[in-house]
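Visitor: I am new to this structure and should be grateful for a close look at a single part of it. Might the place where its two parts meet be described with care, together with the charged pairs found elsewhere?

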Amino acid sequence: MSEDTRSIELTRIAENHYRATAPSGASIEFGRGEGLMTPVELLLAAVAGCSSIDVDTVTSRHTEPTKFDVRASADKLDEDGASRVDNVHLDFDLAFPDDEDGRKADARIEKLVGLSHDKYCTVSRTVEHPTRVDFSIRRD
């Protein structure tokens with residue numbers, strides 16, 4: 001592993017209900033069932049969240065947005081019984097005040113979204129590139 005490893009701990013709460021906890025102590029519950037986001041929805045939230053942070057960090061230096069909504073979508077594919085998603089799409093719906101600072105923020109959106117996609121968003125770049133995933137099993 002690299003010196004800059006990221007990790008979470010996952011705990012089963014109940015059947016198909018899990019809690020992921022980061023080293024910071026922040027946590028999120030997910031799974032399958034009413035009121036829970038699925039792992040695929042969490043993946044879409046991670047892509048949207050990562051790019052949103054990139055855009056928000058820079059535009060908020062100029063002004064607060066009056067609207068900042070992002071919709072993430074993807075096509076679920078079935079490949080001989082194995083599923084995955086493809087064609088992940090982010091739709092940014094942003095608005096800023098109609099003043100000098102708002103216009104400065106608005107003028108940067110296309111460039112910032114492009115930089116997030118091409119360089120800064122670790123999540124979307126990981127999804128787009130082949131990424132090795134391996135498993136180990138421990139039994140007590």
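Guide: What follows is an account of the contact between the domains, and then of the salt bridges and cysteines.

The model is a predicted one. Its protein is divided into two domains: domain 1 covers residues 8-37, and domain 2 covers residues 38-128. Taken over C-alpha atoms, the centres of domain 1 and domain 2 lie 23 Å apart. To the contact, domain 1 contributes 5 residues and domain 2 likewise contributes 5 residues.

The extent of this contact can also be expressed as an area. The size of an interface is often given as the accessible area lost when the parts come together. Between domain 1 and domain 2 the buried area is about 410 Å². Carbon and sulfur atoms give 82% of that area. The side of domain 1 that touches domain 2 has, by class, 4 nonpolar residues, 1 polar residue and no charged residues.

Which interactions between charged or polar groups are counted across this interface? The number of salt bridges found between domain 1 and domain 2 is 0. A salt bridge requires a side-chain nitrogen of Lys or Arg, and it also requires a carboxyl oxygen of Asp or Glu within 4 Å of that nitrogen. Since the side of domain 1 that touches domain 2 has no charged residues, it offers neither of these partners, as Asp, Glu, Lys and Arg are the residues classed as charged. The count of residue pairs in polar contact between the two domains, with both residues at pLDDT 80 or more, is also 0.

Salt bridges do occur in the model, however: a search of the whole structure finds 7. Three examples may be considered in turn.

One of them joins the side chains of Arg6 and Asp4, with a distance of 2.5 Å from N to O. Arg6 counts as exposed because its relative accessibility is 67%, and Asp4 is likewise exposed, at 55%; the cut-off for this class is over 50%.

Another joins Glu79 and Arg84, whose side chains meet at 3.0 Å, N to O. Glu79 is partly exposed, with a relative accessible area of 38%. Arg84 is also partly exposed, and its relative accessible area is 38%.

A further salt bridge links Arg103 to Asp98 at 2.9 Å, N to O. Here Arg103 is partly exposed, at 48% relative accessible area, whereas Asp98 is exposed, at 70%.

The cysteines complete this account. The structure holds 0 disulfides. Cys50 counts as buried because its relative accessibility of 15% falls under the cut-off of 20%. Cys121 is buried as well, with a relative accessibility of 0%.

Notes
Residues are numbered from 1 along each chain as its sequence is written. Side-chain values use heavy atoms; hydrogens and water are left out. Domain bounds come from an automatic or database domain assignment. Contact means heavy atoms within 4.5 Å. Buried area is the accessible area (1.4 Å probe) that two parts lose on being put together, summed over both. A polar contact is a pair of N or O atoms within 3.5 Å; within protein, one must be able to donate a hydrogen and the other to accept it, and residues adjacent in sequence count only if both atoms are side-chain atoms. Buried means under 20% relative accessible area, exposed over 50%, partly exposed in between (1.4 Å probe, protein chains only). A disulfide is a pair of cysteine sulfur atoms within 2.5 Å.
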